[in-house]
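Here are my notes for your first look at this model. Keep the structure open and check each point as you read.

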Amino acid sequence: MTANWQPTASIETLRERARLMAAVRAFFVERGVLEVETPVLGQGGSTDVHLVSLATLARTDKGQRRLWLQTSPEFHMKRLLAAGSGPIFQLAKSFRDGEIGSRHNIEFTMLEWYRPGFSLAELIDETTTLVATILPSFAGPVVYHRYRELFHTYLSVDPFTTSLDNLRALAAERGQMPAHALAEEGRDTCLDLLMSMVIEPTLGQNELSVVVDYPASQAALARRHQDADGEWMASRFELYLNGIELANGYDELIDAEEQRLRFSEDNAERRRLGLPEVDCDECLLAALEHGMPASAGVALGVDRLIQLALGKARLEDVLTFSTPNC
């Protein structure tokens, strides 16, 4: 059987992709943001239990060691911030195992940028301005949604106070899964399933939806804050259009001890779930100990943005070669 060697995107689509990538670069150049390139291999991977990092064994001058393909360029870029880079952006190849589908590919292009001194509100404004620049035909408003209110509206539950047993039952029902499949899962896994299956498809319909005030347990690498009711929240946002998550932004955590604790807690949860542990990035922790400026940062899925801009049905339609066919 002859191998299918053809690209998954048409040549005309690739020309349009190049035009849009140039527009992204121009957006940041006009704002004095430095473009950087960082390695796709690092000494640590993502400890996030919802991500699957890819690793490889490499021969180095210190012998064989495990290196990790980066799930985003975040760790290296934060080291640059600690070194005094100022505002930076990158169009980076990133890797997440098992992510294949109409909106996913194991290897993909991530746009990530960091703004020292920016508030999260300022970063949201810049992110929505970029999306409007790349999608000039979109004329909808920017609408903010609180995470808690979305669960009240679409599921009639409170994500912070509803019992875990009730959340598991609801997640099994709405996710069309057998109850035993979620019997050992924690609150955040159930919330993530309900968010993706029920709420996300409703977001970004004739608007740019900005979701804020996520639970503090979903802070990942973001700071935490208390809302007006005294509830601890993650200082982050996600941006949606046409039911598709486009961007995930943080008021960045810059406390080295807190970051080390979160890495440790992630790996403890991995052990509980029977997942492999992931090496922590000691260079990132050292950079945070040195001192990283207070910053807001965001990661945006470029392939998804281009998919929306060009009206393509599948992510592979805007990629030169998708992972299964490369």
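**Notes on the predicted model**

1. Start with burial. Of the 326 residues of the chain, 47% count as buried. Keep in mind that this is a predicted model.

2. Next, overall shape. A compact globule with 326 residues would have a radius of gyration near 20 Å, and the chain has 20 Å, so the two agree. Along its principal axes, the C-alpha trace spans about 50 × 50 × 50 Å. The accessible surface of the chain comes to about 15,500 Å². Carbon and sulfur atoms account for 51% of that surface.

3. Now the fold. The chain has nine helices and twelve strands. Take the contacts between residues at least 6 apart in sequence: 70% of these join residues at least 24 apart.

4. Look at helix 2, residues 74-82. Is it enclosed or open? Seven of its nine residues are buried, so helix 2 is largely enclosed by the rest of the structure. The buried residues are Glu74, Phe75, His76, Met77, Lys78, Leu81 and Ala82. Note that charged names such as Glu74 and Lys78 are on this buried list too. After helix 2 comes Gly84, with a positive phi near 100°.

5. Turn to the aromatic rings. How many aromatic pairs does the structure hold? There are six. Take Phe75 and Phe263: their ring centres are 5.9 Å apart and their planes meet at 65°, so this pair is edge-to-face. The cut-off for that label is over 60 degrees. Phe75 sits in helix 2, while Phe263 sits in helix 7 (residues 256-273). The two are 188 residues apart, so to speak of distant parts of the chain being linked is fair. Both Phe75 and Phe263 are buried.

6. A second pair joins Tyr147 and Tyr214. Their ring centres lie 4.9 Å apart with planes at 45°, so the pair is tilted. This pair also links distant parts of the chain. Tyr147 belongs to helix 4 (residues 147-155), Tyr214 to strand 8 (residues 208-215), and 67 residues separate them. Tyr147 and Tyr214 are both buried. Tyr214 has a charged partner as well: the charged end of Arg236 sits over its ring, 4.1 Å from the centre.

7. One aromatic cluster deserves a look. Its members are Phe27, Phe28, Phe89 and Trp113. Over the ring of Phe27 sits the charged end of Arg31, 3.6 Å from the ring centre.

8. Finish with Arg96. Where is it placed? Arg96 lies in the loop between strand 5 (88-95) and strand 6 (107-116). Is Arg96 buried or exposed? Its relative accessible area is 18%, and the cut-off for buried is under 20%, so Arg96 counts as buried.

9. Who are the neighbours of Arg96? Leaving out residues up to four places away in sequence, Arg96 touches Leu51, Val52, Thr71, Ser72, Ile106, Phe108 and Met110. With Thr71 there is a polar approach: the backbone oxygen of Thr71 lies 3.2 Å from a polar atom of the Arg96 side chain. Gln70 is 26 residues from Arg96 in sequence, yet their C-alpha atoms are 8.1 Å apart in space.

Methods: Residues numbered from 1 in each chain as written. Predicted model: local features only at pLDDT ≥ 70, side-chain atom pairs only at ≥ 80, totals over all residues. Heavy atoms only, no water. Phe/Tyr/Trp six-rings, centres within 6.5 Å; stacked < 30°, edge-to-face > 60°. Helix = DSSP H or I, 4+ residues; strand = E, 2+ residues; numbered from the N terminus. Buried < 20%, exposed > 50% of the residue type's maximum accessible area, 1.4 Å probe, protein only. Lys NZ or Arg CZ within 6 Å of the ring centre and 35° of its normal. Contact = heavy atoms within 4.5 Å. Polar contact = N/O pair within 3.5 Å; in protein donor to acceptor, adjacent residues only side chain to side chain. Rg over C-alpha atoms; globule rule 2.2 N^0.38 Å. Areas by Shrake-Rupley, 256 points an atom, 1.4 Å probe, with all protein chains shown as cover.
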